[in-house]
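Biologist: I'd like a close look at one part of this model, the sheet and the helices packed around it. Could you walk me through that slowly, as you would for a first-year student?

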Amino acid sequence: MMLGQKRMEIEVLRIGQRVVRDDRVTTHVALVARSFGAKKIYMNEINPEINDTVSKINKTWGGDFEIEMIDDWKKIIREKKNMATKIVHLTMYGQNINDIQTKLQNEDKLLIVVGAEKVPRTIYDTADYNVAIGNQPHSEISALGILLDRIQQGRQFDLKFKNSERVIIPQEHGKSVQMNKLTD
Ligand code: SAM
């Protein structure tokens, strides 16, 4: 994503959520995706409350980040591949992010796939890039945050989230929040 130039289109696909156990992690994956400049997340409808959480966050803090509940993640990957979107699978078995980040920065459209439990073999074969954020196991939340930062090189933090009720005015100490009156 280049500010002042055409912005890279980044979406996230969350697969394999374990019922209840992964709710909080999935919510955090969505929040990182939103705040680090992705435009949408696809996920299985395990916990519909996440829709509420994200729409409240959008209302308060702005932007139009979307969630789409899906039945079949393979269909999403097929559709995206047909639309020339590159599939990036986050896995500790992949290529070191340090070696692959420049290629990723030069793509136009990315779908980033993050897992929960064991990820099916087919994703490793279908992905255009299997990317490791280090070759040690950690978490999909940290892996996604670091990947989005490496791709956008910090520019995601200059993004303005439109139509927010609140805007934080950064302070050296303390908190300052500007309240906006929204018109429909
Ligand atoms: N054991 C699982 C497997 O074999 O796929 C990994 C489970 S891990 C808790 C959940 C997700 O976090 C993974 O599917 C991957 O997307 C992400 N992840 C964890 N460590 C990672 C790493 N070092 N690099 C990239 N992604 C990672």
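Modeller: Here is the sheet, followed by the helices. A quick note on the ground rules: this is a predicted model, where local features need pLDDT of at least 70, side-chain atom pairs count only at pLDDT 80 or more, and totals for chains, interfaces and linings use all residues. Residues are numbered from 1 along each chain as its sequence is written, and side-chain values use heavy atoms, with hydrogens and water left out.

Let's start with the sheet. It is open and has 6 strands in the order E3-E2-E1-E5-E4-E6, with parallel pairing. (Helices, H or I with at least four residues, and strands, E with at least two, are DSSP runs numbered from the N terminus; two strands pair if DSSP finds at least two bridges between them.) At the edges sit strand E3 (66-70) and strand E6 (129-132), each pairing on one side only. On average, neighbouring strands of this sheet are turned by 30° against each other, direction ignored. (Axes are lines fitted to C-alpha atoms, for helices over the stretch in contact, and angles run from 0 to 180 degrees between N-to-C directions.)

Now zoom in on one pair: strand E1 (residues 9-14) runs parallel to strand E5 (residues 109-114), and 6 bridges join them. Look for Arg14, which stands opposite Val114 in E5.

Next come the helices on the sheet. Helix H3 (residues 73-82) packs on it, touching E1, strand E2 (40-44), E3, strand E4 (86-96) and E5; contact here means heavy atoms within 4.5 Å. The direction of H3 makes about 160° with that of E5. Helix H6 (residues 140-152) lies across E1, E4, E5 and E6, and runs at about 160° to E5.

H6 also has a helix partner. Helix H4 (residues 97-105) packs with H6 at an angle of about 55°, their axes 8 Å apart. That makes H4 oblique to H6, because angles under 35 degrees count as roughly parallel, over 145 as roughly antiparallel, 65 to 115 as roughly perpendicular and the rest as oblique. On the H4 side, the contact uses Ile97, Asn98, Gln101, Leu104 and Gln105, while H6 brings Leu147, Arg150 and Ile151. Sorted by class, that contact has 4 nonpolar, 3 polar and 1 charged residues. (Ala, Val, Leu, Ile, Met, Phe, Trp, Tyr, Cys and Pro count as nonpolar, Asp, Glu, Lys and Arg as charged, and the others, Gly among them, as polar.)
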